[in-house]
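Reader: I should like to examine this model step by step. Please begin with the term on which the later answers depend.

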Amino acid sequence: MDTILIYDFGGQTCQLISRRIRELGVYSEVVPHDYLPQPGGGLKGIILSGSPYSVYDEGSPLADPAILGLGVPILGICYGLQYLTHILGGKVEPLDKREYGRMPLRFQTQSPLFKDVPEGFVSWMSHGDSIVSPAKGFTVVAASQQGIPAALEDSSRGLYGIQFHPEVTHCEYGGRILENFAAGICGAKKTWSMRAYIETVSREIREKAGGGKVLLLISGGVDSTVTAGILLKALSPQQVHLMYIDNGLMRKNESEEVAGNLKKLGAKNLHLVDAQDKFLEALSGEADPEKKRRIIGDMFMKVQEAEVARLDIKDAFLAQGTLYTDLIESGKGVGKKAHTIKSHHNVRTPLVEEKRAAGLIIEPLDKLYKDEVRVLGRELGILNDVIGRHPFPGPGLGVRILGDVTREKCDILREADAIYVAELKSRGLYDKIWQAFAVLLPVRSVGVTGDARDYRYVLALRAVVSHDGMTADVFEFPAKDLLEISSKITNSVRQIGRVVYDVSSKPPATIEWE
Ligand code: XMP
């Protein structure tokens with residue numbers, strides 16, 4: 001299959017580049033920055049990703065210069081361009097002022113990279129270093145308003161570079177520019193589809209698992225349900241053991257709904273474990289977000305190990321619904337150069353590492369982003385109700401109750417969250433939002449009911465739009481709906497006296513509050 005390789009220099013959006021290329025129907029894969037492909041095969045082009053490093057940093061990621069001799073076009077994005085410039089004798093320097101965000105560009109000359117892209121289109125920049133003098137043979141094709149080179153090429157050698165990020169949705173004509181490179185300049189054929197992905201992944205699962213048992217821990221979200229769907233399709237349902245641990249931090253009625261959905265998918269070995277007391281006890285008195293995450297993760301493994309021993313499936317493969325975003329946000333991107341932002345318990349536990357080291361781990365979604373998982377789920381025939389569910393973090397309400405977690409607080413938040421979500425659905429807003437949830441704050445506030453003075457909890461409502469959870473914008477909530485939902489919550493959940501709406505985007509905030 002015609003392939004575009006993305007070289008991972010550790011940029012947060014590296015996998016996003018690959019995904020955008022796949023969206024065009026061209027197969028693309030992320031490889032470590034020092035990877036050297038064999039000539040031939042289906043390789044049609046190479047994209048060098050961005051990076052949190054400067055080319056001058058000690059330990060900055062480098063590619064093997066031999067990739068320049070492979071005879072396929074190369075496109076450097078941001079650090080990728082700076083890297084090309086640096087190794088080919090040009091000059092890269094830090095600017096006094098960083099270029100960050102929206103940046104209209106002016107063309108200096110024509111380029112196949114900008115075919116059908118209008119003059120003055122708005123790019124998306126995020127860089128400190130800039131090209132001060134291009135490498136020999138390179139022409140400046142476009143520049144920013146400040147006159148800084150934004151796109152360069154040496155078409156005789158098939159080398160292209162852009163300072164902005166076409167993979168980010170805020171970049172106008174980003175998809176067109178990537179298509180101009182992949183399909184136009186590289187001539188890659190569009191043969192990639194989600195159906196093809198299912199076939200490949202199913203074959204890989206069968207080859208790996210053979211006739212062995214596979215254990216999948218079900219969290220209740222889209223990812224684990226889709227993973228269950230793939231396993232049940234690729235293997236005999238008798239081989240597949242699905243374990244759902246109720247940690248007391250789930251949403252209202254979640255456990256019943258999850259069990260029902262898995263049965264519909266043909267699950268034969270479904271193990272439902274009620275461990276609410278254990279988790280709440282372990283969390284008691286702990287207010288630190290990362291410690292809470294660790295406690296939940298550790299307890300999860302403890303409960304799971306006890307159950308695995310009880311069920312006699314100790315040697316089973318461990319399947320996980322890990323997404324690529326989970327891996328990069330935990331600093332475990334392909335090139336291992338991405339910076340750690342939050343620890344996600346599903347990729348850090350010793351048992352997972354142990355299974356990984358023993359080659360006993362199956363993660364069929366680890367190359368996919370959330371919206372790709374939804375497409376995959378639909379291909380597998382999973383109900384829209386499940387596929388369309390907003391993401392829910394592994395530690396559940398544990399990271400949505402700020403400060404220490406108690407059963408009482410869980411119950412309050414469950415009620416409020418259920419009202420919020422039900423209202424969003426009945427008002428036709430749920431599907432317009434990437435993720436909406438309520439957060440219980442560790443503060444109380446004064447109010448009045450009747451003639452009496454009150455002192456009740458403050459609840460924050462969050463609703464964001466996003467493509468993949470990597471960046472997020474605040475959902476522009478219709479004011480009338482927001483006001484009505486707020487009073488419905490305060491009228492129905494007597495412990496909540498005040499509701500606020502979170503208007504922070506990511507970055508600088510994250511989607512979850514902890
Ligand atoms: P943040 O809060 O990092 O969230 O902007 C990005 C996406 O990841 C989800 N999330 C988690 N998922 N374990 C998970 O499985 C976690 O510890 C975790 N923390 C955040 C979050 O809900 C959002 O969709």
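Author: A residue is called buried under 20% relative accessible area and exposed over 50%, with partly exposed in between. The model discussed here is predicted.

Reader: Is aspartate 116 buried or exposed?

Author: Aspartate 116 is found in the loop between strand S5 (91-107) and strand S6 (122-133). Its phi is near 65°, a positive value in a residue other than glycine. Most residues other than glycine have a negative phi. Because the relative accessible area of aspartate 116 is 54%, and the cut-off is over 50%, this residue is classed as exposed.

Reader: What is the relative accessible area of aspartate 312?

Author: Aspartate 312 also has a positive phi, near 60°. This residue lies in the loop between helix H8 (289-311) and strand S13 (317-319). Aspartate 312 is exposed, and its relative accessible area is 62%.

Reader: Which helix gives the most residues to the largest nonpolar core?

Author: The largest nonpolar core holds 52 residues, and those touching the most other members include Tyr420, Leu424 and Leu459. The greatest contribution, eight residues, comes from residues 407-426, which form helix H13.

Reader: Which domains each supply at least three residues to this core?

Author: The domain assignment gives domain 1 (3-185), domain 2 (194-387) and domain 3 (408-501). At least three residues of the core come from each of domain 2 and domain 3.

Reader: How many residues does the other core, lying apart from it, contain?

Author: Among the members of this other core are Ile198, Leu216, Ile382 and Ile387. The core lies apart from the largest one, and its residues number 38.

Reader: What area is buried between domain 1 and domain 3?

Author: The centres of domain 1 and domain 3, taken over C-alpha atoms, are separated by 42 Å. Five residues of domain 1 are in contact with five residues of domain 3. Carbon and sulfur atoms give 49% of the buried area, which is about 380 Å².

Reader: Which peptide bond is cis with omega near 10°?

Author: Proline 507 and proline 508 are both found in the segment after strand S18. A cis peptide bond with omega of about -10° joins lysine 506 and proline 507. The cis bond with omega near 10° runs from proline 507 to proline 508.

Reader: What radius of gyration does the protein chain have?

Author: The C-alpha trace spans about 75 × 65 × 40 Å along its principal axes. For 514 residues, a compact globule would have a radius of gyration near 24 Å, so the value for the protein chain agrees: 25 Å.

How values were computed. Residues are numbered from 1 along each chain as its sequence is written. This is a predicted model: local features need pLDDT of at least 70, side-chain atom pairs count only at pLDDT 80 or more; totals for chains, interfaces and linings use all residues. Side-chain values use heavy atoms; hydrogens and water are left out. A nonpolar core is a set of buried Ala, Val, Leu, Ile, Met, Phe, Trp, Tyr and Cys residues joined through side-chain atoms within 4.5 Å. Buried means under 20% relative accessible area, exposed over 50%, partly exposed in between (1.4 Å probe, protein chains only). Helices (H or I, at least four residues) and strands (E, at least two) are DSSP runs, numbered from the N terminus. Domain bounds come from an automatic or database domain assignment. The radius of gyration is taken over C-alpha atoms; the globule rule is 2.2 Å times the number of residues to the power 0.38. Contact means heavy atoms within 4.5 Å. Buried area is the accessible area (1.4 Å probe) that two parts lose on being put together, summed over both.
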